[in-house]
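Here is a short briefing on one protein. Look over the sequence and the model, then read on.

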Amino acid sequence: YPAQPPRPPPSASGARRGGSRLLARALAVGCAVACLGVSTVPAAAGAQGSRQEDQIERPEVAKLSIKGVKAVEVDELQNSIATTASHCRSILYRFLGICAITKSRIVYQHEYLDHAELQRDVLRIKVFYFKRGYRDTEVDTSVSRAGHGRVAVAFRITEGPPTLVEKVTVSRPDGFIDDKQVSRLMRLRGGSTLDLFRLDSSVVRLQQAFWDRGYADAVVDTNL
């Protein structure tokens, strides 16, 4: 085979062009690395800021208190509202002291504050009292910090005076039910608090008494 002729050495202009291309590549790679580095910093900061905003908007409810309750059962009233405090998932876990050791979601129920539901809870409490004869009940709420990302929620209730029943009259055809039977069936009496649950129960008991006597079309109406 014929020998290959030796390649001529690169000229000065060719060397300059090659160096320029290498420099351009290096700058491009450096720019890409720098751009990637700059773009990741705001993303991490944004995620951290989002978590902090969530903690501010929906903090964990560490404690719930309801004050001023006298006429009704506190537990029954508390079961009628949506806001509740974080708690052990089981009485057994609390008895064994597991929840004092760990707040894992397996054994501990984390509850978070919902401001919209808190406002609705005020209305729920008023309706709760209204049905039991307290029509002028006032409800105030307060939210205070109880640590990082945690709050204590308090309901302050002013029950007001009850609405009392002055007199109960049961109008009925003669010979159907005598006065003693009516008195025994009625759950709502004169002088008692206007409890709408007792009123409904009285209506059902009266209607059932008519049905038992063969008057299946009997209707019991109420007037306040």
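In what order do the elements of the protein run from the N terminus on? The order is α-β-α-β-α-α-β-α-β-β-α-α. That makes seven helices and five strands. Keep in mind that this is a predicted model.

**Confidence**
- Mean pLDDT for the protein is 80.
- A pLDDT of 70 or more is reached by 75% of the residues.
- Residues 26-47 are a weak stretch: pLDDT stays under 50 there.
- For residues 26-47, the model has zero contacts beyond four places in sequence.

**Burial and surface**
- The protein has 224 residues, and 24% of them are buried.
- About 16,100 Å² of the protein is exposed.
- Carbon and sulfur atoms supply 55% of that exposed area.

**Contacts across the sequence**
- Take the contacts between residues at least 6 apart in sequence: 57% of these join residues at least 24 apart.

**A closer look at Pro-161**
- Pro-161 sits in a loop, with strand 5 (150-158) before the loop and helix 6 (179-185) after it.
- Is Pro-161 buried or exposed? Pro-161 counts as exposed because its relative accessibility is 54%, and the cut-off for exposed is over 50%.
- Leaving out residues up to four places away in sequence, Pro-161 touches Tyr-134 and Asp-136.
- Asp-136 is 25 residues from Pro-161 in sequence. In space, the C-alpha atoms of Pro-161 and Asp-136 are 7.1 Å apart.

Methods:
Residues numbered from 1 in each chain as written. Predicted model: local features only at pLDDT ≥ 70, side-chain atom pairs only at ≥ 80, totals over all residues. Heavy atoms only, no water. pLDDT = per-residue confidence, 0-100. Contact = heavy atoms within 4.5 Å. Helix = DSSP H or I, 4+ residues; strand = E, 2+ residues; numbered from the N terminus. Buried < 20%, exposed > 50% of the residue type's maximum accessible area, 1.4 Å probe, protein only. Areas by Shrake-Rupley, 256 points an atom, 1.4 Å probe, with all protein chains shown as cover.
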